[in-house]
Amino acid sequence: MPRQEVVLVLDFGSQYNQLIARRIREKKVFSRIVPHNITAQEIRQINPKGLILSGGPASIYGPRVPKPRKEIFELGIPVLGICYGMQAMAHMLGGKVTKASHREYGRAELAIDDFKDIFRGLDKKIICWMSHGDFVSKLPAGFKRIGHTSNTRYAVIADKDRGFYGVQFHPEVAHTPKGNRIIANFLFNICGCKGTWSARSFIAESVAGIKRTVDKEKVVCGLSGGVDSSVAAVLINKAIGRQLTCIFINNGLLRKGEAERVKKTFRKHFHINLRYVNAEGRFLKALKGVIDPEKKRKIIGHEFIRAFEREARKIGSMGYLAQGTLYPDVIESKSAFGGPSATIKTHHNVGGLPLNMKFKLVEPLRELFKDEVRQVGKELGLSDEIILRQPFPGPGLAIRIIGDITKARLDLLREVDAIVLNEIKKAGFYRKVWQSFAVLLPIKTVGVMGDERTYENVIALRAVNSVDGMTADWAKLPYELLGRISNRIINEVRGVNRVVYDISSKPPSTIEWE
Ligand code: XMP
């Protein structure tokens with residue numbers, strides 16, 4: 001199995017880094033974001049087909065300037081510098097960068113001087129997106145101008161012999177309509193990439209890699225039933241089979257039928273060595289009388305770790321802990337200004353890392369974006385029901401029951417939740433919205449059923465559209481659907497006599513109510 005081709009994105013602090021990485025991956029070439037000061041030796045080990053120097057907020061003459069190491073230009077690997085990355089390259093190779101009297105932002109018309117290589121297949125003039133203060137005013141030896149705008153003489157420069165290209169604009173953004181073609185030209189014409197990345201090739205390489213890393217040791221994996229840990233578990237199982245033990249902890253805060261579903265999928269379908277722990281009693285005892293949302297989270301995280309450790313100890317010595325950490329969870333690079341921004345989120349879907357146990361980590365998905373994880377999951381045979389599920393918070397229904405959590409309230413919310421899910425799916429909205437769920441409120445209101453006065457619970461429905469969960473807007477679900485959900489809940493779930501719909505956006509409201 002040949003090693004997959006990789007293109008590295010050197011991070012100079014651009015807000016578009018992830019976008020550059022994405023654009024490359026869309027062309028089936030694997031990409032990775034690395035710190036701007038990566039050494040030539042480190043690059044050699046990765047053996048990439050090309051380097052992209054990202055843009056960034058710095059000025060080459062400013063204080064604490066992030067610069068690439070000079071020796072990376074001697075590796076014989078093609079380089080594309082974007083905006084600041086172009087200026088840094090020009091500066092390092094003996095050119096001159098000058099501060100502009102006024103900054104240039106937004107749309108510009110680029111005139112192309114040379115239609116080979118990076119501009120192959122493009123028109124004479126293309127629209128591009130500029131965002132810069134400094135500009136290259138003298139070319140380094142060996143470079144030629146291959147594109148210009150009315151404002152920027154050296155808008156695109158190249159040393160074709162060495163495969164070095166610099167663009168002052170941003171080819172990765174949608175406002176440069178032909179930017180994709182330019183990136184593709186760099187990858188395929190200049191770096192010689194073939195575009196062979198696929199879920200299948202990733203799986204083959206991962207399986208070999210996991211086998212090599214883990215060798216004969218045992219691996220334990222916390223399974224939550226969510227997409228990431230499920231894909232990680234199935235992938236590792238494919239590599240090492242019975243050396244993997246998965247632990248699934250039922251914290252009593254799960255959706256209706258969830259525990260059974262997870263057991264069935266992973267034991268029966270994938271033949272994974274799964275240990276099921278029913279810790280409902282412990283969780284509910286620890287949560288008794290707790291109202292504060294953050295306290296609830298802490299208790300749940302703590303109980304999870306204890307339950308996980310207890311079970312893991314029973315299995316005996318384990319060398320590795322498997323986690324479904326994804327690429328966006330891992331900010332690999334240091335910030336362009338030198339301060340370490342390497343932040344690794346604890347994988348809160350499984351409640352955080354066991355603290356008192358010493359494990360090495362195996363994280364086979366840590367270089368993938370979510371949609372790539374889904375592709376890998378599909379290729380591994382996981383059902384759409386798992387792969388395409390809406391996010392479900394680690395603390396589960398505990399943060400959807402406002403106030404005190406009891407078994408009775410959990411059971412009530414589970415029934416309601418099942419109806420919401422069922423109706424949303426039937427109406428074809430499950431995949432159209434980011435999340436859709438029910439919240440149980442801590443108040444009772446008056447109603448009338450038949451000739452009887454009732455005094456019962458209120459359910460709030462929440463459905464939001466979002467791209468990443470950071471901001472969200474309430475989903476404009478059809479009134480008929482909302483009406484149907486409301487009717488079914490009130491008719492079928494004893495103890496609910498009122499349903500309301502949450503029409504707040506995030507910010508200022510959050511998606512979850514706690
Ligand atoms: P909020 O409520 O902060 O939610 O707008 C944003 C996204 O994060 C999920 N969420 C959590 N996920 N543990 C999790 O694993 C948590 O404690 C937690 N709190 C919120 C939420 O469901 C939404 O997708």
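A crossing counts as right-handed when the near helix is turned clockwise from the far one by less than a right angle. By that rule, α8 goes past α9 in a right-handed crossing. What you have here is a predicted model, and this briefing walks through three helix pairs, the ligand site and a few unusual backbone spots. One residue to keep an eye on is K506: a polar atom of its side chain sits 2.7 Å from a ligand oxygen, and K506 also takes part in a cis peptide bond with P507.

**α8 against α9**

- Helix α8 covers residues 280-287 and helix α9 covers residues 293-315; their axes come within 10 Å and cross at roughly 150°.
- Angles over 145 degrees count as roughly antiparallel, so that is how α8 runs relative to α9.
- On the α8 side, the contact uses R282, F283, A286 and L287.
- On the α9 side, the partners are K296, I299, I300, E303, F304, R306 and R310.
- Sorted by type, the residues of this contact are six nonpolar and five charged, with no polar ones.

**α10 and its two partners, α5 and α6**

- Helix α5 (residues 199-214) meets helix α10 (residues 370-379) with the axes within 9 Å and a crossing of roughly 80°.
- The window for roughly perpendicular is 65 to 115 degrees, so α5 is roughly perpendicular to α10.
- A199, R200, F202 and I203 do the touching from α5, while α10 offers Q375, V376 and E379.
- That α5 contact with α10 splits into four nonpolar residues, one polar and two charged.
- Helix α6 (residues 227-240) packs on α10 too, at an angle of about 45° and with the axes 10 Å apart.
- This angle makes α6 oblique to α10.
- As for handedness, α6 and α10 cross in a left-handed way.
- From α6, V227, D228 and V231 meet K370, V373, R374, V376 and G377 of α10.
- The α6 contact with α10 comes to four nonpolar residues, one polar and three charged.
- V376 turns up in both lists: α10 uses V376 in its contact with α5 and again in its contact with α6.

**Around the ligand**

- Which residues are closest to the ligand? They are R297, Q435, K506, I511 and E512, out of 15 residues that surround the ligand.
- E512 puts a polar side-chain atom 2.5 Å from an oxygen atom of the ligand.
- K506 does likewise with a polar side-chain atom, at 2.7 Å from a ligand oxygen.
- G394 joins in through its backbone: one of its N or O atoms lies 2.9 Å from an oxygen atom of the ligand.

**Backbone oddities**

- Most peptide bonds are trans, and most residues other than glycine have a negative phi.
- K506 and P507 are joined by a cis peptide bond, with omega at about -15°.
- The P507 to P508 link is a cis peptide bond as well, and its omega is about 5°.
- Where does P507 lie? You'll find P507 in the segment after β18 (496-501), and P508 also lies in the segment after β18.
- K28 isn't a glycine, yet it has a positive phi of about 65°.
- Look for K28 in the loop between α1 (17-26) and β2 (30-35).

Notes:
Residues numbered from 1 in each chain as written. Predicted model: local features only at pLDDT ≥ 70, side-chain atom pairs only at ≥ 80, totals over all residues. Heavy atoms only, no water. Axes fitted to C-alpha atoms, helices over the stretch in contact; angles between N-to-C directions. Helix = DSSP H or I, 4+ residues; strand = E, 2+ residues; numbered from the N terminus. Parallel < 35°, antiparallel > 145°, perpendicular 65-115°, else oblique. Contact = heavy atoms within 4.5 Å. Nonpolar A, V, L, I, M, F, W, Y, C, P; charged D, E, K, R; others polar. Near = heavy atom within 4 Å. Polar contact = N/O pair within 3.5 Å; in protein donor to acceptor, adjacent residues only side chain to side chain.
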